[in-house]
Amino acid sequence: MATEDEPELAEDGPALGSADPGVGEEPAEAEVFAESSHLPGVPDAGGSGTSVPPVSEQNDRTRSETEPIPDQSGSGDSCGSNCGCKSNSESSQPTNASAADSTASTDGGRAIADGAGADAAGGTPTNVDENGELTNLTFTEPAEDKSQPLAGEGRGEATDPTDRPNMPGDAKLDTPGYGIRAKMNDIEEPDDKTWFMELDEGVIDAGRCIQCGTCVAACPSDSIGIGDDGLPELVKMCTGCSLCWDFCPRGGLRYERQWKITGGEDNVKGAGDPITEFSARVQDDWRHSSQDGGAVTGILIRLMEAGEIDGALIATESEEDPWKADGFMATSPEELIENTGTIYNQTMALGHLDFSKWEDKFEKDWDDISLALVGTPCEIEGIRALQDFEWEYGSQEEGVRAIDYTIALMCTKNFNYQKLIGEQLQEKRDIDIDNVGKMDVLHGKLMVDDLEGNQILEEDIENFHDAALKGCDECADFTGFCADITVGSVGSSDEYSSVIVRTEQGLDAWNLTKEVLDYHDLEDKSAVGKLQGWDKKKAFESLKRPFDPDAPRFIDYTDHVEQYGGELNPHEADH
Ligand SMILES: Cc1cc2nc3c(=O)[nH]c(=O)nc-3n(C[C@H](O)[C@H](O)[C@H](O)COP(=O)(O)OP(=O)(O)OC[C@H]3O[C@@H](n4cnc5c(N)ncnc54)[C@H](O)[C@@H]3O)c2cc1C
Ligand code: SF4
Ligand code: SF4
């Protein structure tokens with residue numbers, strides 16, 4: 001499948017000809033619904049199966065065709081593809097899913113107060129109109145390279161980038177590790193401080209944590225660790241500095257705002273605003289141990305060989321628990337190759353950025369180390385948000401700053417380790433987990449192969465819905481809007497990875513790697529767009545706050561309680 005005709009890489013546009021809008025573009029609404037009407041109850045958005053199945057007859061396309069990419073199913077059914085989960089959609093109100101794909105109108109629409117949009121039952125956000133357009137749209141240009149809390153309801157005037165909600169007015173944020181705590185000792189405690197207990201109440205105890213580890217990395221006083229249950233826990237005194245709350249993608253961080261701050265105004269429509277997209281696979285023998293085409297590992301190896309990175313924070317299988325993902329700092333191509341493949345649980349990636357943990361792996365000064373981060377899209381949202389701010393992140397400071405390349409793995413949901421592996425596979429289905437060689441979620445099925453490559457399970461993924469992380473339902477970021485490069489299986493034929501190049505940095509990485517790849521234009525963009533659309537639809541149904549890429553980046557805990565319920569001052573009980 002190698003192609004001699006190397007696609008041209010335009011600097012700031014898709015390489016696929018002007019008629020082809022790329023993965024990031026949205027179809028005209030009529031086209032969306034025209035296509036939706038062809039969908040069976042459970043549409044198959046393609047994947048790395050034996051071939052790329054057409055989503056409908058209309059979508060049976062060749063690479064040279066240039067139809068726009070449908071962004072959503074428009075039906076009330078599941079994605080049926082790499083997720084296949086029906087239960088959420090079925091239990092929720094029908095929603096017009098093209099909301100996020102609407103072009104942001106600068107003249108605004110009906111302005112709805114921040115936080116006033118979701119109905120009490122957690123249904124369709126009311127800032128999405130009947131045509132799926134976002135109604136609360138006043139885009140404020142983010143500052144270059146730096147983020148900024150923006151003016152908005154309840155947030156006052158636009159402020160400088162270091163200003164944040166809940167911070168005592170005179171606290172200096174330059175060195176929060178000590179500055180905040182010192183200040184806290186001297187000042188009367190403001191009413192609106194936000195503590196870890198608030199994060200616990202609103203996210204962790206509420207079962208909404210997606211185990212991204214951002215709170216661990218955000219804490220300037222290293223007060224948050226990772227518990228035996230894989231969830232964040234308080235290991236030291238909390239200063240109430242708010243950072244864990246502010247940066248949590250299920251708490252204070254309005255993740256869809258981060259998409260725009262990182263990727264620009266168009267980085268919210270369709271599957272974002274990519275530069276270009278490919279189906280690719282490495283040509284080395286080790287590819288057979290990879291999940292799809294080995295593109296992720298191939299890119300990391302080339303970056304390492306070229307001296308662009310000293311290491312990559314990836315996943316490895318835990319030494320104690322089979323098929324449990326743990327964060328791992330790979331510093332050689334051999335280590336990267338040893339850790340190919342997908343593990344269907346989170347690593348708390350951003351909780352592994354403390355270099356003292358990896359001290360023996362680096363000879364350089366910590367300040368000089370350059371890294372790549374491979375993670376689920378929520379983890380990439382987290383690191384991007386942290387990197388936008390110049391204050392210190394405790395012992396994770398060097399790690400946060402060292403991430404120069406981010407690779408997101410396409411993701412509709414991830415799983416709780418104990419529930420998926422322990423309860424569902426071992427206990428309920430009597431699967432010998434030590435004998436499992438590969439797991440995959442494809443075409444709406446969970447597939448499990450043994451060590452010899454024989455399939456031992458193929459079952460509807462919806463049967464495993466209860467084992468999924470509940471907080472994933474609120475995630476609309478299937479294609480990793482904040483990443484430099486996104487890689488998945490959907491959209492490419494068997495043994496190829498789908499690669500979306502989103503940033504200049506990503507393009508540099510791609511250009512370094514392409515010579516060792518067998519690649520061609522992304523085979524089925526519509527499949528990617530469709531699954532992204534389904535993912536947004538599911539998120540709109542699950543979010544209890546408005547989905548609003550133009551609202552302020554941070555959400556106050558008090559606003560969160562208004563929408564999600566819960567205790568207003570849980571820290572009072574704990575202090
Ligand atoms: C939870 C989850 C759900 C996914 N769902 C979809 C989906 O619905 N549709 C789709 O098209 N693709 C999905 N993917 C991505 C897909 O499974 C492959 O990871 C992707 O196509 C890359 O394949 P590859 O052969 O290029 O990667 P490889 O070369 O095999 O490299 C994979 C890299 O990812 C790292 N990794 C594995 N698991 C994790 C993890 N849990 N967290 C962080 N890093 C990890 C590995 O250590 C390795 O470095 C999902 C991935 C994950 C982790
Ligand atoms: S979702 Fe991420 S940031 Fe929020 S509590 Fe969980 S690990 Fe921390
Ligand atoms: S579905 Fe979203 S929130 Fe859940 S692991 Fe994947 S990227 Fe994170």
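In the predicted model, helix H4 makes the greatest contribution to the shell around ligand 2, supplying three residues. Helix H4 spans residues 196-204 and, together with helix H5 (214-218), belongs to the elements that give two or more residues to this shell. The residues around ligand 2 number 15. Those that come nearest are Cys209, Cys212, Thr214, Cys215 and Cys248. With respect to residue class, the surroundings of ligand 2 comprise ten nonpolar residues, four polar residues and one charged residue.

Further along the chain, strands S8, S9 and S10 are connected by antiparallel pairing, with S9 paired to S8 and also to S10. Strand S8 covers residues 436-442 and strand S9 covers residues 445-450; six bridges join the two. Within this pairing, Val436 has Asp450 of S9 as its bridge partner. The hairpin formed by S8 and S9 has two residues between the strands, and His443 in this hairpin adopts a positive phi near 50°.

The pairing of S9 with strand S10 (residues 455-460) comprises five bridges. Here Asp449 is matched with Gln455, its bridge partner in S10. Strands S9 and S10 likewise form a hairpin, with four residues between them. Gly453 lies in the turn of this hairpin and shows a positive phi of about 90°. A residue with positive phi is thus found in the hairpin of S8 and S9, namely His443, and another in the turn between S9 and S10, namely Gly453.

Notes: Residues are numbered from 1 along each chain as its sequence is written. Chains are lettered from A and ligands numbered from 1 in the order in which they are written. This is a predicted model: local features need pLDDT of at least 70, side-chain atom pairs count only at pLDDT 80 or more; totals for chains, interfaces and linings use all residues. Two strands pair if DSSP finds at least two bridges between them. A residue is near a molecule or strand if its C-beta atom, placed from the backbone, lies within 6 Å of it. Ala, Val, Leu, Ile, Met, Phe, Trp, Tyr, Cys and Pro count as nonpolar, Asp, Glu, Lys and Arg as charged, and the others, Gly among them, as polar.
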